[in-house]
Amino acid sequence: MKQSMNVMIVGVGGQGTLLASRLLGAVFLKEGFDVKVSEVHGMSQRGGSVVTYVKAGEKVASPIIERGEADIILAFEQLEAARWLPYLKKGGRVIANTQKTDPMPVVIGAAQYPEGVLEATTAAGAELTAVDALSLAVEAGSPKAVNVVLMGVMARFLGVEYDVVKQAVADTVPEKFREMNLKALQLGFEAR
Amino acid sequence: MKQLMLGNEAVARGLYEAGVKVVSSYPGTPSTEITEFAAKYEEMYSEWAPNEKVAAEVAIGAAFAGARSFCAMKHVGLNVAADPLYTAAYTGVNGGFVLAVADDPGMHSSQNEQDSRHHAIAAKVMMLEPADSAECLQFTKLAYEYSERFDTPVILRLSTRISHSRSLVEVSPREERELKEFAHDPGKYVMMPAMAIKRHAVIEERQRSIAAFAETAEINRVVEHAGAAIGVITSGACYQYCVEALGARASYLKLGIVNPLPVELIRNFAAKYEKVYVVEELDGIIETHCKAHGVDVTGKELFGPLGELSQRIVAEKILGEAKETMATDLAIPGRPPALCPGCPHRGVFYTLKSLKLRVSGDIGCYTLGALSPLDSMDSCVCMGASVSALHGMAKARGEEFAKQSVAVIGDSTFIHSGITGLIDIAYNKGISTVIVLDNSITGMTGHQQNPTTGYTIHNDPTVAVDLEALAKAVGIRNVRVFDPYDLAASKQAIAEEVAKEEPSLLIARRPCVLLKQVKTKPALKINKDKCVGCGLCMKIGCPSISMKDKKAGIDFTTCVGCGVCRQMCKVGAIGD
């Protein structure tokens, strides 16, 4: 891994972003880095835009990632990738689930879900990896495994051995869902 | 071995290691997990109290009785607990008493952005502020040492970024502590004028002793960098922002004790630097202290009193440096939080809107009923205010208004401080209607048990408050329960009760759909041939329903089959 790594995990409340941030924190810890993981609980969890920060390095001071500082933005939903793009470092990578979830202003017709969201992130200068994580999660056995699929996709870009990520997933998820989650991770890792 | 630990979990670990015996709290983001983690340690008695005042009093009593005790709350909870705290400052403790308060700069999950350091100053108690999880653990243990050494309550000040971030912590074993003797000492513990007058003098002297201690205490730490021209005085999360933004370009005075503040330590530090900044979130408390003692610092004129700070803001304001960023030129619609699919509150708010009632609201998930498309809340102030404010509105505007208005309040919030408002309505001949949104849990803070649920913090069965009997006992004769999933029954119950010339308590009873024991149904489906695209089903603001190509669609991954939308559809297009 590089000397430091800042990862933002963004999505919609209820999609399982917290579990993904904990998994990633465990991975960096195993690699021997200082780690900080920052979460927001409470009101915004109810279907709102949610963001967690995972930072690793020799010594991490601030628990949050600011504009222009993220190496990777892992977006569980397309629009959230675009919303948080100003936080990406120049030359940074967006890993996006192609799933779309209409926010309430769109649902009630007060706003439009914009067209060409992912194209716009690359036009702005981001490297992009887009994956239909929901289909892969369903293939693995549960639509709830979207978070683990996306962890698998991200494993290619972390600069750590895949087995370390695999072990972190195996250690974190309950026994009866282990096989399904490891399959989800593998499908994400192999997705191109 | 070092482990990654949430700030709140590290506080709980600190309680365990410090030999704490009694923990009593009321949940409140971002403080809630402290007590949840504390409850996992069998060596400590832990409980959810009905509100923060009760929690603080339980902890104070336990401290008088010779045990180390604790309570946690969010910043606004300290307003509720202020009454016991301000006088416990006079009595002092016996066993150590620590109160953790979590501020929420940026208001991620709060109704205001108050700075709880003002309470420490006004109550004249010591306040410590950790800057990461390791300090959460260390300062919690130190707080007990200081509490017993200076005979004072000690406040541990947290904030969202400290409570809800994970960083590395090294744990130690618990040190069991014997109960201290509980002597009969009315001069110290019975606060009536003759005794309290004497204690006030003791408290002023104690503050002077703690201020002297703060001059040399190790947790007021100076971090010097050779050649740095800038000096920064800061504490808590702000210290981390400064270190990240300024690194070795500045030297730091990191204050671990934020009340009382040292004078000479600050003066000597400041004298070494050409330019000294105070970096603190919310109010300029350290800055005002510095200026009162003739130390020239720059603070709020750069940073202002609003919201959270960050490494970016520090770098921009102090160094004039900004990072390169990128953005799309898309118009990105906001994504505010919404009531969950299947939330039992949804039908109630839809009904209130359709009956065109004015709604006095309260604190909980259901405050989201204020947002579009439900748009059915007129006011929301603090825990319990829905009931009493409704009474005030009705007394101001008269009987006709009372028949066109309701209060809505959750089960936990009703027990916290809604019941006293209901007593006021009954006692003072009000005719208002109060609706308890009883989802059988404290929802917004992440599912804590409360006195109405019939379970303790350990999920052990216990007595449950009988809301119907309670309302009757305080003088409410019209008490009625309805199922909020049944729109017709909800409408009938609410319309009939508001029309009465007497006060009513309605209970909308259905458990939170996210509770494990709630069995949800399969997702509903739209029959595209029948759907006429009228958009009626969109009026309940369910995140699972959306409109594509003039036909409604239901998201199979999130719909829980509650059936409220099916009752909206006039053409029978929604089915299993």
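**Interface of chains A and B, and the sheet of chain B**

In this predicted model, 63 residues of chain A are in contact with 52 residues of chain B. About 4,900 Å² is buried between the two chains. Carbon and sulfur atoms give 63% of that area. Eight salt bridges were counted between chain A and chain B. In a salt bridge between Lys90(A) and Glu324(B), the side chains meet at 3.7 Å, N to O. Polar contacts across the interface comprise 15 residue pairs, with both residues at pLDDT 80 or more. On the side of chain A that touches chain B, two or more residues each come from α1 (17-30), β2 (34-38), β3 (49-57), α2 (78-83), β5 (88-97), α3 and α4 (117-123) of chain A. β2(A) gives the most, with five residues.

Confidence in chain A averages a pLDDT of 93, and 97% of its residues score at least 70. Among the elements of chain A, strand β4 (residues 70-75) has the highest mean pLDDT, 98. Helix α3(A) (residues 104-107) has the lowest, 88.

Chain B holds an open sheet of seven strands, in the order β3-β2-β4-β5-β7-β6-β12. Pairing is mixed. Strands β3 (45-48) and β12 (257-259) of chain B form the edges, each pairing on one side only. Neighbouring strands are turned by 25° against each other on average, direction ignored. β2(B) (residues 22-25) pairs with β3(B) in the parallel sense over four bridges. Here Ser24(B) stands opposite Glu47(B).

Two helices lie across this sheet. Helix α4(B) (residues 75-91) lies across β4 (69-74), β5 (97-103) and β7 (154-159) of chain B. It runs at about 135° to β4(B). Helix α6(B) (residues 133-150) lies across β4, β5, β6 (126-128) and β7 of chain B, at about 160° to β7(B).

Methods
Residues are numbered from 1 along each chain as its sequence is written. Chains are lettered from A and ligands numbered from 1 in the order in which they are written. Side-chain values use heavy atoms; hydrogens and water are left out. Two strands pair if DSSP finds at least two bridges between them. Axes are lines fitted to C-alpha atoms, for helices over the stretch in contact, and angles run from 0 to 180 degrees between N-to-C directions. Contact means heavy atoms within 4.5 Å. pLDDT is the predictor's confidence in each residue, from 0 to 100. Buried area is the accessible area (1.4 Å probe) that two parts lose on being put together, summed over both. A salt bridge is a side-chain nitrogen of Lys or Arg within 4 Å of a carboxyl oxygen of Asp or Glu. A polar contact is a pair of N or O atoms within 3.5 Å; within protein, one must be able to donate a hydrogen and the other to accept it, and residues adjacent in sequence count only if both atoms are side-chain atoms.
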